[in-house]
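Trainee: Could you take me slowly through a single part of this model and tell me how it is placed among its surroundings? I would like one connected account that I can follow while looking at the picture.

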Amino acid sequence: MKVVEPAINPAPGVSPEPAINEQAATGMPVYSAAWTALGTSVQVVATDRHDLSAAVAEVQEELVLVDVSTSRFRADSELSMVEAKGGSWVDISETLFDYIEVALWAARLTHGAVDPTVGNALCLLGYDLDFDLLEKRGPAGVFRVKPVPGWEAVRLDASGMRMQVPDGVHIDLGATAKARCADRAAARAAALTGSGVLVSLGGDIATAGPAPAGGWTIEVGEGPEVGSSEDLVVAIRSGGMATSSITGRRWARGDGWAHHLIDPATGLSTDGPWRTVTVAANRCLDANIASTAALVMGHSALSFLGRYPLPARLVAQDGVVTTLAGWPREPNADWRRGPGSIGAS
Amino acid sequence: MSKRAKQNASIIRDEQVGVLARLTRRVAIASSLGVAGLAGVMAVSIPGRHVSSGAPASGATQNSVSSPSLSSSSSSTASSGGDLQAPTQAPTQVAQAPMAQTSAS
């Protein structure tokens, strides 16, 4: 049987030229590579110098997979092709199935606070291009927005490996795909090499395999200016960490500013009490779901995070830091311990 | 196109992506690493077909999604058992240089 083969175009956002750091820059026996892809920074850290290149290759392959499968900025992505057949059941690949399944799981866990059907809302707010291009385009206009269609509108059939998206609904997997990709890439790299591997995709951090002595050291900041003497450095021995913030990915609108974190109830950028939330969890995915949900949920985020409980650091709009579930206290921060915290120092 | 043909097309798409990515990126990485890196790059086999490490949870039905898990035995990818999972240890503050950063992206 002759099978029609879909055309595969190179991923435009992927730079295949990682800058390799062969030195143990941190004093710990780790080696790293960094580059940009999909409009964000990518970093791979390995505990074995000779395994770094193989780990990088695994990560790059996973980046290509997520791009051609899930990108809403590519008309030829598998997700875009599914949406183009609005209302019809469409057979999908294992990769897209996995990312959609994760997104729907996140929506259910967070009672819709993390909802993948925010694609239209983001476009209406002006985020309809890759962010690098968006910044160059200039201010977006003002449009009337409305609540998102809701994740229940997306249907996934595991037995048939297919999905259905209602006509006119656009999916954005920004709240889960990057973190899931980091988890998948780290797991693949560690399984292949046997080394400990850290993968950071725009600050969504996943680790797999044996940690270096003293753990993986991570600087926690609020924006691209991380690196100041006041930034917190923490160590984790496994799992992942993610930060969600309204201080990044902002763009001008006719009536002010918008950012990429959408409140599904309004279709507008969130406007709650927190500006940045960092969470540690057993996977980067779990951490990113929690940090995103916390920004959308506002004050109820404290009870949501405390339910699991997930170590978390929440920075309020006034800069006051609240910590939960064993997140280390910062001596120099204006700090308060959140209700129900366990073991906060 | 028949359902079977669509499935085959999807499989081939994954194959193409996997092989293309491995070949192009390993050549690029090898060139940036020199001879020492080349050995490590080329030591990685190229399988005939990429298999997603994120196989869907069995038994999932329409909008009845269970917690997805990764198939790797890595300590960071254990099944979450249907709920968000806390890490085995909370982060600890250290005075060492960071290996990575988490921040607004």
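Mentor: What follows begins with one strand and its partners, and then turns to other parts of the model.

Please keep in mind throughout that this is a predicted model. Let us start with strand 3 of chain A, which covers residues 40-46. Six of the seven residues of this strand are buried, so strand 3 of chain A is largely enclosed by the rest of the structure.

Look next at the strands that pair with it. Strand 2 of chain A, residues 31-37, pairs with strand 3 of chain A in the antiparallel sense, and seven bridges hold this pairing. One place to find it is at A:Thr36, which stands opposite A:Ser41 of strand 3 of chain A. These two strands, strand 2 and strand 3 of chain A, form a hairpin with two residues between them, and in the turn A:Leu38 has a positive phi of about 55 degrees. Strand 3 of chain A is also joined by five bridges to strand 7 of chain A, residues 197-201, and these two run antiparallel. Here A:Val42 has A:Leu201 in strand 7 of chain A as its bridge partner. As background, strands of a sheet pair through backbone hydrogen bonds, either parallel or antiparallel.

Within strand 3 of chain A, stop at A:Gln43. With a relative accessible area of 15%, A:Gln43 counts as buried, because the cut-off for that word is under 20%. Leaving aside its neighbours within four places in sequence, A:Gln43 is in contact with residues of chain A, including A:Ser32, A:Ala34, A:Leu198 and A:Ser200, and also with B:Met99, B:Ala100 and B:Gln101 of chain B. A polar atom of the side chain of A:Gln43 lies 2.8 Å from the backbone oxygen of B:Met99.

Chain B also takes part in a sheet with chain A. This open sheet of four strands has the order 1(B)-10(A)-9(A)-2(B), and its pairing is mixed. Strand 1 (92-93) and strand 2 (100-102) of chain B stand at the edges with a single partner strand each, so one side of each is left without a neighbour in the sheet. Strand 2 of chain B runs parallel to strand 9 of chain A, residues 216-220, and three bridges join them; in this pairing A:Val220 stands opposite B:Thr102.

For another view, turn to an open sheet of three strands in chain A, which has the order 4-6-5 and antiparallel pairing. Its edge strands are strand 4 (89-91) and strand 5 (155-157) of chain A, each of which pairs on one side only. Neighbouring strands of this sheet are turned by 25 degrees against each other on average, direction ignored. Helix 3 of chain A, residues 94-109, packs on this sheet and touches strand 5 and strand 6 of chain A, and the direction of the helix makes about 130 degrees with that of strand 5 of chain A. Strand 5 and strand 6 (residues 162-164) of chain A pair over three bridges, and A:Arg155 has A:Gln164 as its bridge partner. The charged end of A:Arg162 sits over the ring of A:Trp89, 4.3 Å from the ring centre.

Methods. Residues numbered from 1 in each chain as written. Chains lettered and ligands numbered in written order. Predicted model: local features only at pLDDT ≥ 70, side-chain atom pairs only at ≥ 80, totals over all residues. Heavy atoms only, no water. Pairing = 2+ DSSP bridges. Axes fitted to C-alpha atoms, helices over the stretch in contact; angles between N-to-C directions. Contact = heavy atoms within 4.5 Å. Buried < 20%, exposed > 50% of the residue type's maximum accessible area, 1.4 Å probe, protein only. Polar contact = N/O pair within 3.5 Å; in protein donor to acceptor, adjacent residues only side chain to side chain. Lys NZ or Arg CZ within 6 Å of the ring centre and 35° of its normal.
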